[in-house]
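The following report describes the fold, the sheet pairing, the ligand shell and selected loop residues of one chain. Please read it alongside the sequence and the structure.

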Amino acid sequence: MNVYKIWGLRKIWLTFENFFFNFKYKSILGNKVNIYGSPYVFIPKNASAKFGKNVTLISSSYFSEPGVNHEVMIRLLNENAKLTIGNNVGISGGGVCVQEEVVIGNEVMFGANAFVTDTDFHPVAPENRRFSKENVKSKKVQIDDNVFIGMNTVILKGVHIGKNSIIAAGSVVVKDVPAIQIWGGNPAKFLREL
Ligand SMILES: CC(C)(COP(=O)(O)OP(=O)(O)OC[C@H]1O[C@@H](n2cnc3c(N)ncnc32)[C@H](O)[C@@H]1OP(=O)(O)O)[C@@H](O)C(=O)NCCC(=O)NCCS
């Protein structure tokens, strides 16, 4: 049973969810966050996750036009990890996993299920790949202001996406994208100037 579908309960439940989420996280994230559905948030004790004003996290398909595959995942993987999210950013499903640092500017739009990570999570060397935490490649990711990330996109380690650019739906981004361009595909390549 999806509580959001029940007329009259939706608003009460949203108010309740937002109250408890912000009661728990506002002092950690720095600002109040608008949540629709319940995101997963994992922030180790000394890690830093700073959210700007008016950030919206949509974790329920009821509130996302294409629907979401899972709740928003905000996961900082160790106590030195740093996540910065600017003002007026919207994330629907998908999310962000941080080993070192991810910086997301102002007005950045994440299409449904778009996912960003600065790490491979596992080493590329074959020995003990399943469990080893040695030689896991990670590199800072930066997404500049007003970038529009199409739904179901994956942005991988080391990528810098310049201001106002667009990433087409379903892309896998492994290289830097200059400002004011559209890139797309797997691996994402230049499509056109804006
Ligand atoms: C990127 C996008 C905005 C481009 O739209 P557009 O300006 O109308 O671009 P066009 O359809 O003219 O396509 C331009 C080129 O990009 C290519 N292209 C468009 N979308 C692509 C995609 N998702 N992956 C790969 N290539 C793509 C086209 O094939 C075309 O290539 P060509 O010049 O070789 O023929 C649009 O395709 C898109 O992906 N929108 C995102 C929708 C979305 O996810 N919204 C959020 C929902 S929550």
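Two residues are in contact if their C-beta atoms, placed from the backbone, lie within 7 Å. The structure is a predicted model, in which local features need pLDDT of at least 70 and side-chain atom pairs count only at pLDDT 80 or more, while totals for chains, interfaces and linings use all residues. Residues are numbered from 1 along each chain as its sequence is written.

**Asp144**

Leaving aside residues up to four places away in sequence, Asp144 touches Gly105, Ile161, Gly162, Lys163 and Ala179. Asp144 lies in the loop between β12 (141–143) and β13 (148–149); strands here are DSSP runs of E with at least two residues, helices are runs of H or I with at least four, and both are numbered from the N terminus. A residue is buried if 20 or more other C-beta atoms lie within 10 Å of its own, exposed if 12 or fewer, and partly exposed in between. Asp144 counts as buried because it has 20 C-beta neighbours inside 10 Å. From Asn78, Asp144 is 66 residues away in sequence and 24 Å away in space, C-alpha to C-alpha.

**Overall fold**

The chain has 1 helix and 19 strands. Its radius of gyration is 17 Å, close to the 16 Å that the globule rule gives for 194 residues, so the chain is as compact as a globular protein of that length. That radius is taken over C-alpha atoms, and the rule is 2.2 Å times the number of residues to the power 0.38. The C-alpha trace spans about 50 × 40 × 30 Å along its principal axes. Of the 194 residues, 36% are buried. Among contacts between residues at least 6 apart in sequence, 34% join residues at least 24 apart.

**Strand pairing**

Two strands pair if DSSP finds at least two bridges between them. An open sheet of 6 strands follows the order β2-β5-β8-β11-β14-β17, with parallel pairing. β2 (40–42) and β17 (172–173) stand at the edges with a single partner strand each, so one side of each has no neighbour in the sheet. The table lists two parallel pairs.

| Strand | Partner | Bridges | Opposed residues |
|---|---|---|---|
| β3 (residues 48–51) | β6 (residues 82–85) | 4 bridges | Phe51 and Ile85 |
| β8 (residues 95–98) | β11 (residues 115–117) | 3 bridges | Cys97 and Thr117 |

In a regular strand the side chains alternate between the two faces of the sheet. In β3, Ala49 and Phe51 form the covered face, whereas Ser48 and Lys50 form the uncovered one.

**Ligand shell and core**

Which residues are closest to the ligand? They are Gly111, Gly150, Met151, Ala168 and Gly184, out of 16 that surround the ligand, with a C-beta atom, placed from the backbone, within 6 Å as the criterion. β18 (181–184) and β19 (189–193) each supply at least two residues of this shell.

The largest nonpolar core has 46 residues, and Val173 is among those with the most contacts inside it. Such a core is a set of buried Ala, Val, Leu, Ile, Met, Phe, Trp, Tyr and Cys residues joined through C-beta atoms within 7 Å.

**Backbone features in loops**

The peptide bond from Asn186 to Pro187 is cis, with omega near -5°, and Pro187 sits in the loop between β18 and β19. Asn135 has a positive phi near 55° and lies in the loop between β11 and β12. Asn135 counts as exposed because it has 11 C-beta neighbours inside 10 Å.
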